[in-house]
Amino acid sequence: MAVKHSNAAIVGIGQTEFSKASGRSELQLACEAIRSALKDCGLEPKDVDGLVTFTLDSSDDVDVIRSTGMSEVHWSVRTPHGGGGSCATIYQAMAAIEAGVADVVVAYRAFNERSGQRFGQPHVVTGVTAGGGTSFAQWCMP
């Protein structure tokens, strides 16, 4: 199978520090990483016209747009799951560029893994007793 040449490229990377207690919301972390990635490639928030993240990300697209100062975003999508699905965010960004619906797409993921609720850990839900009442996803995670 031949691989088609693409006009899309990863041009900037940003991240926050890894910590056990960031002291910041996931939205703040997302915006810091996005600003860092834009600075890395010499772009401004006004240059971004597309966003892609995971369905698991708690940072709402509109909040990210407002908090970073983006003004021209007209395309956004969320891809299912997370973890190994990270390649799907890159593919979605590339597909948007190839289809001509966006020129600059930011792919992001932000979470407080060590200081926030961790995926797969029991989460106490008050007033719920089904399945023991200790985890919203007990049926699929030990």
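This report describes the fold, the charged contacts and one surface patch of a protein chain. The structure is a predicted model.

**Overall architecture**

The protein chain contains three helices and three strands. Read from the N terminus, these elements follow the order α-β-α-β-α-β. Of the 142 residues of the chain, 30% count as buried. The chain exposes about 9200 Å², and carbon and sulfur atoms supply 57% of that area. Among contacts between residues at least 6 apart in sequence, 66% join residues at least 24 apart.

**Salt bridges**

The structure holds four salt bridges. The table lists three pairs, among them two that involve Arg 24.

| Pair | N to O distance |
|---|---|
| Arg 24 and Glu 17 | 3.0 Å |
| Arg 24 and Glu 32 | 2.8 Å |
| Asp 57 and Arg 109 | 3.5 Å |

Salt bridges with shared partners join Glu 17, Arg 24 and Glu 32 into one network. Glu 17 has a relative accessible area of 43% and is therefore classed as partly exposed. Glu 32, with a relative accessible area of 31%, is also partly exposed.

Thr 16 makes contact with two members of this network, Arg 24 and Glu 32, and it also touches Leu 29 and Ala 33. Thr 16 is found in the segment before H1. Is Thr 16 buried or exposed? Its relative accessible area is 19%, so Thr 16 is buried; the limit for this class is under 20%.

The salt bridge between Asp 57 and Arg 109 has its closest N and O atoms 3.5 Å apart. This pair links distant parts of the chain, as its two residues are 52 residues apart. Asp 57 lies in the loop between strand S1 (50–54) and helix H2 (61–68), whereas Arg 109 lies in the segment after strand S3 (105–107). Asp 57 is buried, because its relative accessible area is 4%. Arg 109 is partly exposed, because its relative accessible area is 32%.

**A buried glutamate without a salt bridge**

Glu 26 belongs to helix H1. Glu 26 is buried yet has no salt bridge. Which side chain of opposite charge is nearest to Glu 26? It is that of Arg 109, at 5.4 Å. A salt bridge requires the nitrogen and the carboxyl oxygen to be within 4 Å, so a pair at 5.4 Å does not qualify.

Which side chain, then, forms a polar contact with that of Glu 26? The partner is Ser 58, and the polar contact spans 2.3 Å. Along the chain, Glu 26 and Ser 58 are 32 residues apart, while their C-alpha atoms are separated by 7.1 Å. Leaving aside residues up to four places away in sequence, Glu 26 touches Ser 58, Ser 59, Ala 110, Phe 111 and Asn 112.

**A nonpolar surface patch**

Ile 10, Ile 13 and Ile 90 make a nonpolar surface patch of about 330 Å². One of these residues, Ile 13, lies in the segment before helix H1 (26–41). Why does Ile 13 count as exposed? The reason is its relative accessibility of 62%, since a residue is classed as exposed when the value is over 50%.

Notes:
Residues numbered from 1 in each chain as written. Predicted model: local features only at pLDDT ≥ 70, side-chain atom pairs only at ≥ 80, totals over all residues. Heavy atoms only, no water. Patch = residues over 30% accessible without salt bridge, like charges linked within 9 Å, V, L, I, M, F, W, Y side chains within 5 Å. Areas by Shrake-Rupley, 256 points an atom, 1.4 Å probe, with all protein chains shown as cover. Helix = DSSP H or I, 4+ residues; strand = E, 2+ residues; numbered from the N terminus. Buried < 20%, exposed > 50% of the residue type's maximum accessible area, 1.4 Å probe, protein only. Lys, Arg positive; Asp, Glu negative; His and termini not counted. Polar contact = N/O pair within 3.5 Å; in protein donor to acceptor, adjacent residues only side chain to side chain. Contact = heavy atoms within 4.5 Å.
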